[in-house]
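Reader: I am in my first year and still learning how to read a protein model, so could you take one part of this one and go through it slowly with me? I would like to look closely at the empty spaces.

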Amino acid sequence: MSIQKENILFSIIVPVYNVEDYLPQCLDSILCQNFSDFELILVNDGSTDSSLKICQQYKKNFPQIILIDKANGGLSDARNTGLSSAKGDYIIFTDSDDYWQGKHVLEDLRQLISQTNPDIIIHEESRFFSENDVTCKYNQRFIKNKNGKYEDEILNLVYHDLYVASAWDKVIKRSILIDNQLFFPVGRKSEDIEWCGKLMLYLKTFSIYSKSFYIYRQVRKGSITTTVSAKHIEDVYEMVKNGLSSEKTKSQSLNKAIENYWACNYVVILKDFYVLSAKTRKEIWSNLVSWKYLLQKGRNVKVDKVMKFYSFLNFKVLIFFLNGYRIKTIWFKKYRTLK
């Protein structure tokens with residue numbers, strides 16, 4: 001069986017690659033929803049474990065599932081494949097090693113859409129370290145207006161880490177993505193950064209979903225987010241460079257928010273600077289120095305934390321300090337998963 005409906009409210013896109021230990025929990029958490037007007041697009045991206053077999057078994061039992069089996073092309077390519085096939089009014093991306101919490105998520109989102117018809121719904125994830133350690137930062141408590149004109153609130157959304165470089169914490173009108181050709185850059189690592197940066201240009205209205213339903217698994221063995229490679233940081237550097245040189249909009253507040261967004265990702269480069277080779281560090285150094293103007297209070301909560309140390313450390317020492325903080329954070333996350 002397959003869905004033949006003309007109108008589908010949600011297209012949920014799940015790229016699948018070697019996640020046999022986590023995939024059933026992910027799929028069960030979506031398929032248990034008490035709202036059925038959705039399609040679940042599974043894109044098997046050349047898995048070499050039993051992930052494809054699991055997808056095939058679920059497809060037999062659930063008519064909402066559309067299964068696409070393709071050669072491995074990476075996360076961006078898998079998401080793009082799913083997006084090209086989607087028919088829903090709204091797109092939801094979910095990573096196959098994560099899962100949802102609660103059976104009323106889609107019904108709640110439907111009600112929110114019927115009330116506000118937003119271009120984007122932002123929701124905050126909860127971070128899973130272990131069964132006994134799942135936490136949500138819940139920064140939306142700092143946002144007075146939970147829906148309305150995107151331009152009026154975007155500075156606060158960026159500052160409080162609500163609009164961040166993630167695809168899976170957003171529910172987005174498909175027409176915005178398709179009409180503006182907002183596909184993920186293939187061949188890049190941390191591709192969400194560029195995609196979310198471009199998305200900012202096309203949003204007019206927003207809503208915030210009050211509950212934290214998305215459970216983001218931390219420090220999973222084999223996950224692309226578990227370790228940071230030189231390729232990741234080289235790509236982030238290119239994306240920040242392109243983002244900072246992009247054409248300005250007619251909105252001063254949006255231009256400022258975009259700059260603040262790139263400032264937050266600039267900090268990522270500084271934090272992971274020593275992951276790069278000595279040659280690459282030398283090649284990009286002059287640009288990193290010229291971008292120091294991004295280190296200002298009031299841009300983003302993470303940038304504000306960096307500014308506490310930049311107030312008494314010079315630039316080179318700051319980068320060295322951030323590298324130490326990076327290593328400490330990695331070990332602390334691993335420790336939390338063992339608790």
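Author: What follows goes through the cavities, then a pocket, and ends with two single residues. Please keep in mind throughout that this is a predicted model.

Let us start with the enclosed spaces, where the count comes to two cavities of 30 Å³ or more. The largest cavity holds about 90 Å³ of space, and the residues that line this cavity are Leu201, Gly243, Leu244, Ser246, Glu247, Lys248, Thr249, Asn255, Ile258, Glu259 and Trp262. Two elements each give two or more residues to that lining, namely helix H8, which covers 230–244, and helix H9, which covers 252–271. Of these, H9 supplies the largest share, with four residues. When the lining of the largest cavity is sorted by class, four residues are nonpolar, four are polar and three are charged.

The second largest cavity has a volume of about 30 Å³, and around it you will find Ile122, His123, Glu124, Glu125, Lys137, Asp161, Leu162, Val164 and Asp169. Sorted in the same manner, the lining of the second largest cavity has five charged residues, three nonpolar residues and one polar residue.

From the cavities we can turn to a pocket. The second largest pocket has a volume of about 220 Å³, and its lining is made up of Lys149, Tyr150, Glu151, Leu201, Tyr202, Leu203, Lys204, Thr249, Ser251 and Leu254. Of the residues in this pocket lining, five are nonpolar, three are charged and two are polar. If you compare the lists, you will meet Leu201 and Thr249 in the lining of this pocket and also in the lining of the largest cavity.

Two single residues can round off the tour. Asp304 is part of helix H11, which runs over residues 301–310. Although Asp304 is buried, it has no salt bridge, and the nearest side chain of opposite charge, that of Lys297, is 7.1 Å away; a salt bridge would need a side-chain nitrogen within 4 Å of a carboxyl oxygen. Apart from neighbours within four places in sequence, Asp304 is in contact with Tyr159, Gln296, Lys297, Gly298 and Arg299.

Phe312, by contrast, sits in the loop between H11 and helix H12, the latter spanning 315–338. Phe312 counts as exposed because its relative accessibility is 58%, and the cut-off for that word is over 50%. The C-alpha atom of Phe312 is separated by 39 Å from that of Lys211, a residue 101 residues apart from Phe312 along the chain.

Note on methods
Residues are numbered from 1 along each chain as its sequence is written. This is a predicted model: local features need pLDDT of at least 70, side-chain atom pairs count only at pLDDT 80 or more; totals for chains, interfaces and linings use all residues. Side-chain values use heavy atoms; hydrogens and water are left out. Buried means under 20% relative accessible area, exposed over 50%, partly exposed in between (1.4 Å probe, protein chains only). Lys and Arg count as positive and Asp and Glu as negative; His and the chain ends are not counted. Contact means heavy atoms within 4.5 Å. On a 1 Å grid over the protein atoms alone, a cavity is a set of points where a 1.4 Å probe fits but cannot get out, and a pocket is an open set with protein on both sides within 12 Å along at least five of seven lines; lining residues have an atom within 4 Å of a point. Grid points are joined across faces, edges and corners, and a volume is the space filled by probe spheres set on the points. Ala, Val, Leu, Ile, Met, Phe, Trp, Tyr, Cys and Pro count as nonpolar, Asp, Glu, Lys and Arg as charged, and the others, Gly among them, as polar.
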